[in-house]
Amino acid sequence: MTNTQVPAVRPRPATPPAVAVRPSVRDRGTRLLAALFLAPTVVGIVVFTVVPIIGSIVLSLFHWNVIDPPRFAGGANYRTTFTDSTVLVSFRNTLLFMVLAVALQLLIALALALALNGRMPVWLRSVFRSAFFFPLVLSAASISVVMKYLFNQDFGVVNWAIGLVGVAPVPWLTSEHAAMATVILVYVWQQFGFSFLLFVGGLNNIPKEIHEAAALDGATGLRKHLGITLPLLSPTLLVASVVGIINALQVFEQPYVLTDGGPGDATRTVVMVIYERAFEQLDFGEASAVGVLLFVLIMAVTALQFRLSRRFVHYQ
Amino acid sequence: MSQATPTQSRVRHSLTPWARIAALTVCALLTLGPVIWTVATSLRTPAQSFDLPPQIIPTHPTTAAYRGVFQQIDVWLLALNSTLVTALIAVGQMITAGLAGYAFARLEFRLKKPLFGLVLATMMVPLQVTIVPVFLVLKSMGLTDTLLGLIIPAFPTAFGTFLMRQYFLGMPKDLGEAAMLDGAGPWRIFRSVYAPLATPGLAIVGVLAFNYHWNEFFRPLILETSGQNYTLPLGLVSLQGNLGTGSISVVLAGVVLSMLPAVAVFVVGQRPLREGITSAGVNR
């Protein structure tokens, strides 16, 4: 377009203007530069992600404890995982955790984002927004240390607070039923800000005119949200749930610090099992098998979600 | 068209504004409550740390707990380790993501599509699935139980690369074309024209990297076996272990100390951080 009008600004003799405007693949300088620019990222990804994925699959087919030479195991590690009650429970726990944590996280984030979208002073809106997103900048490990005190059965602030309204102390971290709920609460407390920020951005992208038109047609309150806001927000909901699910399936810090997987195996998650098998029991083969299964699970859940979403997600 | 003012035309609610603001305030207090309690308790005497109701404003504020942290663990060493690891990863990611993002956005070369596909695909791979082989790779390089072992594998960032590619794609092409007609080669065009414009995007990558790796727990837990290579989150959890049922306030003082840089980044880098998180959803 522009090259016809360009004054003579000494185009390099080797490259005629037509080539200069769209850098050619044959341009050696460009190719060399691309190779240099990509080298750190691509080499890093190959060495620290691609090779390790293949490595995990290979390792999962061997018995190996680091000390003795690896022995081929075939599917033995997988058979062990399917009969090992701790592994099975960890998958059940992780799936339960995923469903409850993601549902709770999305609901809270959506409610807060909608409430924030109403009329209020600008400074107040930014105070609220910062407050809800603050926990995200803290470390999950140190927050879990704090929460361990807050949820202590005997001297924790949470039991003191519910005692004020006459509720008996709850064994938050020490009973099998309550422990998972507590881990979920702590996780959601720290994570909901992520979905919240996505929703705030998504709501900002909805054209005002659509709501005005709906209001003229008499839509109000809840009906307006269910009929108009949610469908328009559905692409953001999809991203928030996909990211939420992938993160939830990898939960580690909260159960590790709060309960160490207990009581019993009540809060043991898949990643905790990978960690324990590999780095406490030095069973690298089984740890890799569990890792491969987790990978397959994540891929399956994500694929399923995109499948389902085709019916529910509306793009403007 | 409608008479609604811009503020009124936002989503109108069945709740009155005051009820809505009151509900939001309660939620904000619940969100910040644990943090406020942590700071308040860290300033109480050990004897008062179990007090209920919790005093938000300590009656006898003391920094004894903070001195206790310095006695129990080598805070300076942990902070130095954390700073070194986090800063080098942040700078490293800004460089690798800036370069690779530019190549994917503005340079023509063979295999561009498959390579970009490879980078995107690795965003889906959870760290935990690859940790055993990564550990073995690092072991073969002699990098287990070193800070370098934490730093080097974190340099390539699929998300950062993706973000920078979008960022460079958003810049006008004419600038580079004009520079090229002036005789600038591909390196000069990057160095003098596009790289300076990329600073805000690089800031997003840097702040996200800082936040993530300052708080990172899983990789340090696996890689760092001797205390001298611990980072702050590891040191804190071990501090809690040392004390058992001892003084809460010392542990919480440690938590507050480790939070300070994260909070500083939150205050200074709130905007890039928010943009980075939001773009995770918007850029798809």
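Here are some exercises with worked solutions on a predicted model of two chains, A and B.

**Exercise 1. The interface**

Task: Work out how much area is buried between chain A and chain B, and which residues of chain A supply the most of it.

Solution:
- Step 1. Start with the residues in contact: chain A brings 104 and chain B brings 98.
- Step 2. Look at the area. About 9500 Å² is buried between the two chains, and carbon and sulfur atoms give 77% of that.
- Step 3. Now find the top three on chain A. A:Phe37, A:Phe48 and A:Arg119 supply 8% of the area that chain A buries against chain B, more than any other three residues.
- Step 4. Ask which element takes part. Helix 2 (residues 28–59) of chain A gives the largest share of the side that touches chain B, with 21 residues.
- Step 5. Sort that side of chain A by class: 68 residues are nonpolar, 24 are polar and twelve are charged.
- Step 6. Finish with the polar links. The interface holds zero salt bridges, while nine residue pairs are in polar contact across it, both residues being at pLDDT 80 or more.

**Exercise 2. Threonine and serine in helices**

Task: Decide whether B:Thr31 is buried or exposed, then do likewise for A:Thr302 and B:Ser82.

Solution:
- Step 1. The cut-off you need is that buried means under 20% relative accessible area.
- Step 2. B:Thr31 sits in helix 1 (residues 17–42) of chain B. Its relative accessibility is 5%, so B:Thr31 counts as buried.
- Step 3. Check what surrounds B:Thr31. Beyond its neighbours within four places in sequence, B:Thr31 is in contact with A:Ala131, A:Phe132, A:Pro135, A:Trp189 and A:Phe192.
- Step 4. A:Thr302 belongs to helix 13 of chain A. With a relative accessible area of 4%, A:Thr302 is buried too. Its contacts, leaving aside neighbours within four places, are A:Val242, A:Ile246 and B:Met124.
- Step 5. B:Ser82 lies in helix 3 (residues 75–106) of chain B. At 2% relative accessible area, B:Ser82 is buried. Not counting residues up to four places away, B:Ser82 touches B:Trp214, B:Thr231, B:Leu232 and B:Pro233.

**Exercise 3. The nonpolar core**

Task: Find which residues have the most contacts inside the largest nonpolar core, and which helix gives the most to this core.

Solution:
- Step 1. The core has 184 residues.
- Step 2. Those with the most contacts inside it are A:Phe97, A:Phe128, A:Phe196, A:Phe252, A:Phe279, B:Val132 and B:Phe168.
- Step 3. Helix 8 (residues 176–204) of chain A gives the most, with 15 residues.
- Step 4. Zoom in on B:Phe168. Apart from neighbours within four places in sequence, its contacts include B:Gly98, B:Tyr102, B:Phe190 and B:Tyr194.

**Exercise 4. Salt bridges**

Task: Trace the salt bridges of A:Arg268 and say how buried each residue is.

Solution:
- Step 1. Over all chains, the count is seven salt bridges.
- Step 2. A:Arg268 pairs with A:Asp265, the closest N and O atoms being 2.7 Å apart. A:Arg268 also pairs with A:Glu276, again with closest N and O atoms 2.7 Å apart.
- Step 3. Compare the values with the cut-off. A:Arg268 is buried at 11%, A:Glu276 is buried at 9%, and A:Asp265 is partly exposed at 24%.
- Step 4. Turn to chain B, where B:Glu108 and B:Lys112 meet in a salt bridge at 3.9 Å, N to O. B:Glu108 is partly exposed at 25%, whereas B:Lys112 is buried at 19%.
- Step 5. Close with a network: A:Asp84, A:Arg277 and A:Glu286 are joined by salt bridges that share partners.

Definitions and conventions
Residues numbered from 1 in each chain as written. Chains lettered and ligands numbered in written order. Predicted model: local features only at pLDDT ≥ 70, side-chain atom pairs only at ≥ 80, totals over all residues. Heavy atoms only, no water. Contact = heavy atoms within 4.5 Å. Buried area = accessible area lost by both parts, 1.4 Å probe. Salt bridge = Lys/Arg side-chain N within 4 Å of Asp/Glu carboxyl O. Polar contact = N/O pair within 3.5 Å; in protein donor to acceptor, adjacent residues only side chain to side chain. Helix = DSSP H or I, 4+ residues; strand = E, 2+ residues; numbered from the N terminus. Nonpolar A, V, L, I, M, F, W, Y, C, P; charged D, E, K, R; others polar. Core = buried A, V, L, I, M, F, W, Y, C linked by side-chain atoms within 4.5 Å. Buried < 20%, exposed > 50% of the residue type's maximum accessible area, 1.4 Å probe, protein only.
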